[in-house]
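Me: I would like to learn how to read the features of a protein model in a systematic way. Could you guide me through one example?

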Amino acid sequence: MSTTYTALEHELPTVTATMLITAGNNQVTVTCPHCDQQHRHLGLGLRRSPCGHWYLVRAIGGQR
Ligand SMILES: [Zn+2]
């Protein structure tokens, strides 16, 4: 019997957000660990990238 683990479902990569202060919006950009491009999101936490992967977006240095 072979056991196949789908690690992607259990281990989410964590990416560090760069805060963008734009007029009326707090956006973050992250460097995608999958496609190595920059993706924008409207906040921190669990996000799905435009290239179709999930990751956890964290602020630099954490939040107080
Ligand atoms: Zn990507």
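Reply: The discussion below moves from confidence to architecture, and then to single residues. The model is a predicted one.

Me: Where is the confidence lowest, and where is it highest?

Reply: The general idea is to consult the confidence before any geometry. The protein has a mean pLDDT of 83, with 78% of its residues at 70 or more. Helix α1, residues 7-10, has the lowest confidence, with a mean of 55. The highest value belongs to β3, at 96.

Me: How many helices and strands does the protein have, and in what order do the elements run?

Reply: A list of elements from the N terminus is the usual starting point. Here the secondary structure consists of 1 helix and 5 strands. Their succession from the N terminus is α-β-β-β-β-β.

Me: What is the order of the strands in the sheet?

Reply: Order in the sheet is read from the pairing of strands, separately from order in the chain. The 5 strands form an open sheet with the order β3-β2-β1-β5-β4, and the pairing is mixed. The edges are occupied by β3 (38-41) and β4 (45-48); each has a single partner strand, so one side of each lacks a neighbour in the sheet. From one strand to the next, the twist averages 40 degrees.

Me: Which strand pairs run antiparallel, and which run parallel?

Reply: One takes each pair in turn and notes its direction and its bridges. β1 (residues 14-22) and β2 (residues 25-31) run antiparallel and are joined by 5 bridges. Two of the residue pairings between them can be named: leucine 20 has glutamine 27 of β2 as its bridge partner, and threonine 22 has asparagine 25. β2 and β3 also run antiparallel, with 4 bridges; here valine 30 is partnered by histidine 39 of β3. By contrast, β1 runs parallel to β5 (residues 54-59), again through 4 bridges. In that pair, alanine 17 has alanine 59 of β5 as its bridge partner.

Me: How should the hairpins be read, and which residues in them take a positive phi?

Reply: For a hairpin, one counts the residues between the two strands and then inspects the backbone angles there. The hairpin of β1 and β2 has 2 residues between its strands, and glycine 24 takes a positive phi near 85 degrees. The hairpin of β2 and β3 has 6 residues between its strands, with aspartate 36 in the turn at a positive phi of about 65 degrees.

Me: Why does the phi of aspartate 36 deserve a remark?

Reply: Most residues other than glycine have a negative phi. Aspartate 36 is not a glycine, yet its phi is positive. The residue is found in the loop between β2 and β3. Aspartate 36 is also exposed, with 8 other C-beta atoms within 10 Å.

Me: Are valine 15 and methionine 19, both in β1, buried or exposed?

Reply: Burial is judged here by counting other C-beta atoms within 10 Å: 20 or more means buried, and 12 or fewer means exposed. Valine 15, in strand β1, has 21 such neighbours and therefore counts as buried. Methionine 19, which also lies in β1, has 11 and is therefore exposed. Across the protein, buried residues make up 9% of the 64 residues.

Me: What surrounds valine 15, and how far away in sequence and space is leucine 44?

Reply: Neighbours within four places in sequence are set aside when such contacts are listed. Valine 15 is then in contact with Val30, Thr31, Pro33, Tyr55 and Val57. Leucine 44 is 29 residues from valine 15 in sequence, and their C-alpha atoms are 9.9 Å apart. Similarly, methionine 19 and isoleucine 60 are separated by 41 residues in sequence and by 8.6 Å from C-alpha to C-alpha. For the protein as a whole, 27% of the contacts with a separation of 6 or more involve residues 24 or more positions apart.

Conventions
Residues numbered from 1 in each chain as written. Predicted model: local features only at pLDDT ≥ 70, side-chain atom pairs only at ≥ 80, totals over all residues. Pairing = 2+ DSSP bridges. Axes fitted to C-alpha atoms, helices over the stretch in contact; angles between N-to-C directions. Contact = placed C-beta atoms within 7 Å. pLDDT = per-residue confidence, 0-100.
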